[in-house]
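Please look through the sequence and the structure below before reading on. The report that follows starts from a single residue and then widens to the chain as a whole.

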Amino acid sequence: MSTPSGPPTFEGFVGAYSGALGRLCFQLTGSPDAALDLAQDVLERVYAKWPKVARADHPYAYVRRMAVNTHLNNTRRRLTTVASDPATLDRPVEDRPPAD
């Protein structure tokens, strides 16, 4: 994973930790397809910030945190979109008797 002259390479990091990242993403999402999407999003962000990630004391811990934050942001965004959808806000609500 590390080059002889310095910090680890992105390719080496992905080779060493992609399985663990995939498992974490599956635990977060509960869906194999959503886990792959989340892992891909995270790895895109990691690649863009690789010099900073590589300098971290524990690069995988940094990436795990990125995965959790990305998942939480995606979940919040999805909930906000559903809650503020004008099509659902204009519908009347049925009055139902309380369940016994």
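## Contacts of one helix residue

Once its neighbours within four places in sequence are set aside, H71 is in contact with L28, T29 and L38. The model in which these contacts are found is a predicted one. H71 belongs to helix α4, and because its relative accessible area is 16%, which is under the 20% cut-off, H71 counts as buried.

## Three residues and their exposure

How exposed or buried are A20 and R77, when they are set beside H71? A20 is found in helix α1, which covers residues 10-29, and with a relative accessible area of 22% A20 is partly exposed. R77 lies in helix α4, which covers residues 59-83, and since its relative accessibility is 51%, just past the cut-off of over 50%, R77 counts as exposed. The table puts these values side by side.

| Residue | Relative accessible area | Class |
|---|---|---|
| H71 | 16% | buried |
| A20 | 22% | partly exposed |
| R77 | 51% | exposed |

A20 can also be described by its distance to another residue, for A20 and R64 are 44 residues apart in sequence, while their C-alpha atoms are 9.4 Å apart in space.

## A charged patch

Where does R77 take part in a gathering of charge? On the surface, R77 joins R45, K49, K52 and R55 in a patch of positive charge.

## The chain as a whole

The secondary structure of the protein chain consists of five helices and zero strands, so that, read from the N terminus on, its elements follow the order α-α-α-α-α. The protein chain has 100 residues, of which 21% count as buried, and H71, described above, is one residue that is buried. The protein chain exposes about 7,400 Å², and carbon and sulfur atoms supply 55% of this area. Among the contacts in the protein chain with a separation of 6 or more, 51% are accounted for by residues 24 or more positions apart.

Notes: Residues are numbered from 1 along each chain as its sequence is written. This is a predicted model: local features need pLDDT of at least 70, side-chain atom pairs count only at pLDDT 80 or more; totals for chains, interfaces and linings use all residues. Side-chain values use heavy atoms; hydrogens and water are left out. Patches are made of residues with over 30% relative accessible area and no salt bridge: like charges are joined within 9 Å, nonpolar side chains (Val, Leu, Ile, Met, Phe, Trp, Tyr) within 5 Å. Accessible areas come from the Shrake-Rupley method with a 1.4 Å probe; for residues, only the protein chains shown count as cover. A salt bridge is a side-chain nitrogen of Lys or Arg within 4 Å of a carboxyl oxygen of Asp or Glu. Lys and Arg count as positive and Asp and Glu as negative; His and the chain ends are not counted. The place of a charge is taken as NZ of Lys, CZ of Arg, CG of Asp or CD of Glu. Helices (H or I, at least four residues) and strands (E, at least two) are DSSP runs, numbered from the N terminus. Buried means under 20% relative accessible area, exposed over 50%, partly exposed in between (1.4 Å probe, protein chains only). Contact means heavy atoms within 4.5 Å.
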